[in-house]
Each structure stands twice: as C-alpha cells, then as structure tokens.
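Here is a friendly note to read alongside the structure. Keep the picture open and look up each residue as it comes along.

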Number of protein chains: 2
Amino acid sequence: MTSEMSTMRDSSVSQDAYEQLLQLRASIDNLDSAVVHLLAERFKCTQQVGRLKAAHGMPAVDPEREAVQIRRLRSLAEQAHLDPEFAEKFLNFIIEEVVRNHRSL
Amino acid sequence: MTSEMSTMRDSSVSQDAYEQLLQLRASIDNLDSAVVHLLAERFKCTQQVGRLKAAHGMPAVDPEREAVQIRRLRSLAEQAHLDPEFAEKFLNFIIEEVVRNHRSL
C-alpha cells in the first residue's frame, strides 16, 4: 500500500479526492500514449530527412530551419496557454535526440 | 538564400530532393503542433493534480506512480518502434517541468 492510499482511507472526503486523482492520472496516461505515438511518427519523418540529406549531400544541421521551428512552436504554445519557454526547451530536447540518432546511423 | 537552397538548384534531382524535404518538414510541423496541444492539455491535468494534492495534503511526489508511468511508456514505445530509453528520458523531462511548475505555484 502506498502512503498516499493509506492517507486516502482516513476520511470519505479523501476517498473522493483519491478517485479524482485516479481520473486525472488516467487522462494523463491517455495523453502520454498519444504523445508517444506522435513522437514515433515524428522520428520516422526525421529518419527519412536524415537519409534524404545524406543521399543528396545536404547539410545535416540547418540553423535557419530550427529558428523557424522555434518561433512557430513558441507562437503555438502561447495560443494553447502553454509556457513558450517550455515549448522551446521541448523542441531542443527533441532536436538533440534527432541529431544523436543521425550520428549513430 | 540558404546554402541548402543554393545546393538544391544545381540539378533537377536535387530540386526533387528539396521538394521531398519540404514535404517531410510539413509533416514534422503538423506532428509538433499536435504534440504541443496534447502537452498543453497534459499540463492542465497536472495543474489539477497539484491543486488536488495541495488541498488534501497528499504528497507532491509519488515515486511508485512514476515507476508505473515509466514502465508503461517504455512498453508503449517498444510497440511503436520508438527507443524506450528516449521515451523514459522524455517522461523525466516532462515530470521535471511539472515539478518546477508545482514549486512556482
């Protein structure tokens, strides 16, 4: 038994709160599943980009493209009430992984 | 003009490759938009979790829940042909942001 569950058994109000917590966690799990599948699809695209660039001697890194992506994601994040700083950090995290994958190919 | 575009103008094969690159980038942008909106929804859920835990004196951090999430996401990643190590790093990246948000509230 987790400490959280035992806390929850102390009163009926806490039982209700615990059920709300489980519902929110189920939503978080659903959203995470969707994100993982979208990221899998995204990496399929970046692998194709990597192969295309290698086959045609295009530069692996394109700072202009990255700058456009960052501006675009920050703007989207603002519209979605998500911290634009976080959106930029998130994109950099993903791009680092893409670069790591390209190097390992 | 980017160095990439000028490279592309050297031959018709390269023009075709450049068009393929633009198509792949458009798909990446669509997927990123979807992920940003899902993450915005996810942070709405974790903010609710934060408020619920604060209101009911539940511990802010739950290592058991995190362990379950990591196992679950690694398994989903494998099914989606995504590197499970990356899926775990991704979840940790998101959880760090959630903890940072909870601390700033």
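1. Let us begin with a pair of helices in chain B. α3(B) and α4(B) are oblique to each other. The reason lies in the angle: their axes cross at roughly 140° and come within 8 Å. Because an angle over 145 degrees would be needed to count as roughly antiparallel, roughly 140° falls among the oblique ones. One word of caution before you go on: this is a predicted model.

2. Which way does α3(B) pass α4(B)? The crossing is right-handed. From α3(B), the residues that make the contact are Glu66(B), Gln69(B), Ile70(B), Leu73(B), Arg74(B), Ala77(B) and Glu78(B). From α4(B), they are Pro84(B), Ala87(B), Glu88(B), Leu91(B) and Ile95(B). Sorted by character, the residues of this contact are seven nonpolar, one polar and four charged.

3. Now turn to chain A and look for its own pair. Helix α3 of chain A covers residues 63-79, and helix α4 of chain A covers residues 84-104. They pack at an angle of about 140°, with their axes 8 Å apart. That angle makes α3(A) oblique to α4(A), and their crossing is right-handed. On the side of α3(A), the contact includes Ile70(A) and Leu73(A), while Leu91(A) and Ile95(A) are among the residues of α4(A) that meet that helix. Here the residues of the contact divide into seven nonpolar, one polar and four charged.

4. Step back for the overall plan of chain A. How many helices and how many strands does chain A have? There are four helices and zero strands. Read from the N terminus on, the elements follow the order α-α-α-α. Chain A has 105 residues, and buried residues make up 21% of them.

5. Next, how do the copies relate? Two copies of a chain are related by a rotation about an axis and a shift along it. In this model, a turn of 180° and a shift of 0.0 Å along the axis lay chain B on chain A, with an RMSD of 0.0 Å. This is the relation of a two-fold axis. The same surface serves both copies, as 100% of the contact residues of chain B recur in chain A. To find the axis in your picture, go to Val35(B): among the residues of chain B, its C-alpha comes closest to the rotation axis, at 2.9 Å.

6. The contact between the chains deserves a point of its own. Chain B contributes 46 residues and chain A contributes 46 residues. On the side of chain B that touches chain A, the elements giving two or more residues are α1 (3-8), α2 (12-56), α3 (63-79) and α4 (84-104). Which of these elements gives the most to that side of chain B? It is α2(B), with 27 residues. By character, the residues on that side of chain B are 25 nonpolar, twelve polar and nine charged.

7. Val35(A) is a good residue to visit. You will find Val35(A) in helix α2 of chain A, which spans residues 12-55. Is Val35(A) buried or exposed? Val35(A) is buried, because 24 other C-beta atoms lie within 10 Å, and 20 or more are enough for that label. Leaving aside neighbours within four places in sequence, Val35(A) is in contact with Val35(B), Leu38(B) and Leu39(B).

8. Phe43(B) gives you another buried example. This residue sits in helix α2 of chain B, and Phe43(B) counts as buried because 22 other C-beta atoms lie within 10 Å. Try tracing from Phe43(B) to Glu96(B): the two are 53 residues apart in sequence and 12 Å apart in space, C-alpha to C-alpha.

9. Finally, look at the loops between α3 and α4. His81(A) is found in that loop of chain A, and His81(B) lies in the loop between α3 and α4 of chain B. What is special about the phi of His81(A)? His81(A) has a positive phi of about 60° although it is not a glycine. In chain B, His81(B) also has a positive phi of about 60° without being a glycine. His81(A) is exposed, since 9 other C-beta atoms lie within 10 Å, and His81(B) counts as exposed with 9 C-beta neighbours inside 10 Å.

Technical notes
Residues numbered from 1 in each chain as written. Chains lettered and ligands numbered in written order. Predicted model: local features only at pLDDT ≥ 70, side-chain atom pairs only at ≥ 80, totals over all residues. Axes fitted to C-alpha atoms, helices over the stretch in contact; angles between N-to-C directions. Parallel < 35°, antiparallel > 145°, perpendicular 65-115°, else oblique. Left-handed = near helix turned anticlockwise from the far one by under 90°. Contact = placed C-beta atoms within 7 Å. Nonpolar A, V, L, I, M, F, W, Y, C, P; charged D, E, K, R; others polar. Least-squares fit on C-alpha atoms with pLDDT ≥ 70 in both. Buried ≥ 20, exposed ≤ 12 C-beta atoms within 10 Å, placed from the backbone.
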